[in-house]
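Here is my note on the model you sent over. I have put it as numbered points, so you can follow along with the structure open.

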Amino acid sequence: MSRGFYLLFIMMIFQSPQIHAQAFEEYSGEETFHRFCASCHGPEGHGDGPVASGIPIMVPDLTLLKRRMGDEFPEAVLRRIIDGRNAVVYHGTRYMPVWGYEFWVEEGADPEAEENVEIIISNLIEYLESIQAPARDPVTE
Ligand code: HEC
C-alpha cells in the first residue's frame with residue numbers, strides 16, 4: 001500500500017463516528033460496581049481495593065452504610081454522594097470521582113444520557129443495599 005493510502009486508512013479509523021454512548025444502564029449494579037468502584041472500595045465493598053492505599057484518606061467500607069447511617073437505607077443521601085454533582089464538600093477535597101458527571105460523559109453527554117445516569121446510580125444503590133451487613137444485635141455485639 002502507498003503511504004498516502006495508509007494515512008487515509010488511519011484517518012478513517014480515527015474519524016469514524018465513535019460507537020458513541022456506552023450502555024452502562026444495561027449493566028447490573030454489581031457489574032457497574034466491579035467496573036468503576038471496586039478499584040477503591042474493594043471487590044466486596046470493604047474499602048480495600050488496590051487503589052485504596054494510594055488515597056490519603058480512608059476509603060469507606062460500603063457494607064457498613066446501613067449500620068452507620070441508621071436502619072433506613074439512606075437512598076437519597078447515597079444518590080447525592082455517588083452522583084457528586086451537587087455534593088457539598090465540607091472538608092477540603094473529594095477524592096472520589098464525580099460519578100454523575102463521569103457516567104453522563106460515558107453515556108454520550110446528551111439529554112438521554114441524564115436518564116441513563118439515573119438508572120446506573122439506581123442499580124448501584126440497589127447493589128449496595130444487597131451487600132449491607134446485618135443490623136447489629138444489641139445483645140451479642
Ligand atoms: C478513586 C477511588 C474511589 C472510587 C473509584 C470510588 N470511590 Fe466511593 N469513595 C472514595 C472515597 C475516598 C470516599 C470517601 C469520601 C471522599 O471522597 O472524600 C468514598 C465515599 C463513597 C461513599 C460514601 C460512603 C460513606 O461512608 O459516607 C459511597 C456511597 C461511595 N463512595 C460509593 C462509590 C461508588 C458507587 C463507586 C463507583 C461508582 C465509588 N464509590 C467509586 C473513593 C472512591
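1. Let me begin with a residue you can click on straight away: Leu-124, which sits in helix α7. Please keep in mind that this is a predicted model. Leu-124 has 25 other C-beta atoms within 10 Å, and the cut-off for calling a residue buried is 20 or more, so Leu-124 counts as buried.

2. What does Leu-124 touch, once its neighbours within four places in sequence are left aside? Its contacts are Gly-29, Thr-32, Phe-33 and Ile-82. Thr-32 makes a nice example of chain folding: Leu-124 and Thr-32 are 92 residues apart in sequence, yet their C-alpha atoms are 6.9 Å apart in space.

3. Those contacts lead us to the packing of two helices. Helix α2 (residues 29-36) and helix α7 (residues 111-130) pack with their axes 8 Å apart, at an angle of about 95°. An angle of 65 to 115 degrees counts as roughly perpendicular, and α2 is therefore roughly perpendicular to α7. On the α2 side the residues involved are Gly-29, Glu-30, Thr-32 and Phe-33, and they meet Ile-120, Asn-123, Leu-124, Glu-126 and Tyr-127 of α7. Sorted by class, this contact has four nonpolar, three polar and two charged residues.

4. Now look at α2 on its own. Which of its residues are buried? They are Gly-29, Thr-32, Phe-33 and Phe-36. These residues lie on the same side of α2, because they cover an arc of only 105° around the axis. The general rule helps here: an α-helix has 3.6 residues a turn, so residues three or four places apart point the same way. The buried residues of α2 pack against α3 and α7.

5. Helix α6 (99-106) can be read in a similar way. Its buried residues are Trp-99, Gly-100 and Phe-103. Their arc around the axis is only 100°, so they sit on the same side of α6. The partners of these buried residues are α5 and α7.

6. The stretch after α6 deserves a look at the backbone. Gly-108 follows α6 and has a positive phi, near 105°. Ala-109, in the loop between α6 and α7, has a positive phi of about 55° although it is not a glycine. As background, most residues other than glycine have a negative phi. Ala-109 has 13 C-beta neighbours inside 10 Å, and so it counts as partly exposed.

7. On to the ligand. How many residues surround it? There are 20, and the closest are Cys-37, Cys-40, Pro-60, Tyr-95 and Met-96. The elements that give two or more residues to this shell are α3 (38-41) and α5 (75-83). By class, the shell holds 17 nonpolar residues, two polar ones and one charged one.

8. Finally, the overall picture. The protein has seven helices and zero strands, so from the N terminus on, the order of elements is simply α-α-α-α-α-α-α. Of its 141 residues, 18% are buried. Among contacts between residues at least 6 apart in sequence, 49% join residues at least 24 apart. The pair from point 2, Leu-124 and Thr-32, is 92 residues apart in sequence.

Key:
Residues are numbered from 1 along each chain as its sequence is written. This is a predicted model: local features need pLDDT of at least 70, side-chain atom pairs count only at pLDDT 80 or more; totals for chains, interfaces and linings use all residues. A residue is near a molecule or strand if its C-beta atom, placed from the backbone, lies within 6 Å of it. Helices (H or I, at least four residues) and strands (E, at least two) are DSSP runs, numbered from the N terminus. Ala, Val, Leu, Ile, Met, Phe, Trp, Tyr, Cys and Pro count as nonpolar, Asp, Glu, Lys and Arg as charged, and the others, Gly among them, as polar. A residue is buried if 20 or more other C-beta atoms lie within 10 Å of its own, exposed if 12 or fewer, and partly exposed in between; C-beta atoms are placed from the backbone. Two residues are in contact if their C-beta atoms, placed from the backbone, lie within 7 Å. Axes are lines fitted to C-alpha atoms, for helices over the stretch in contact, and angles run from 0 to 180 degrees between N-to-C directions. Angles under 35 degrees count as roughly parallel, over 145 as roughly antiparallel, 65 to 115 as roughly perpendicular and the rest as oblique. The arc is that of the directions from the helix axis to the C-beta atoms.
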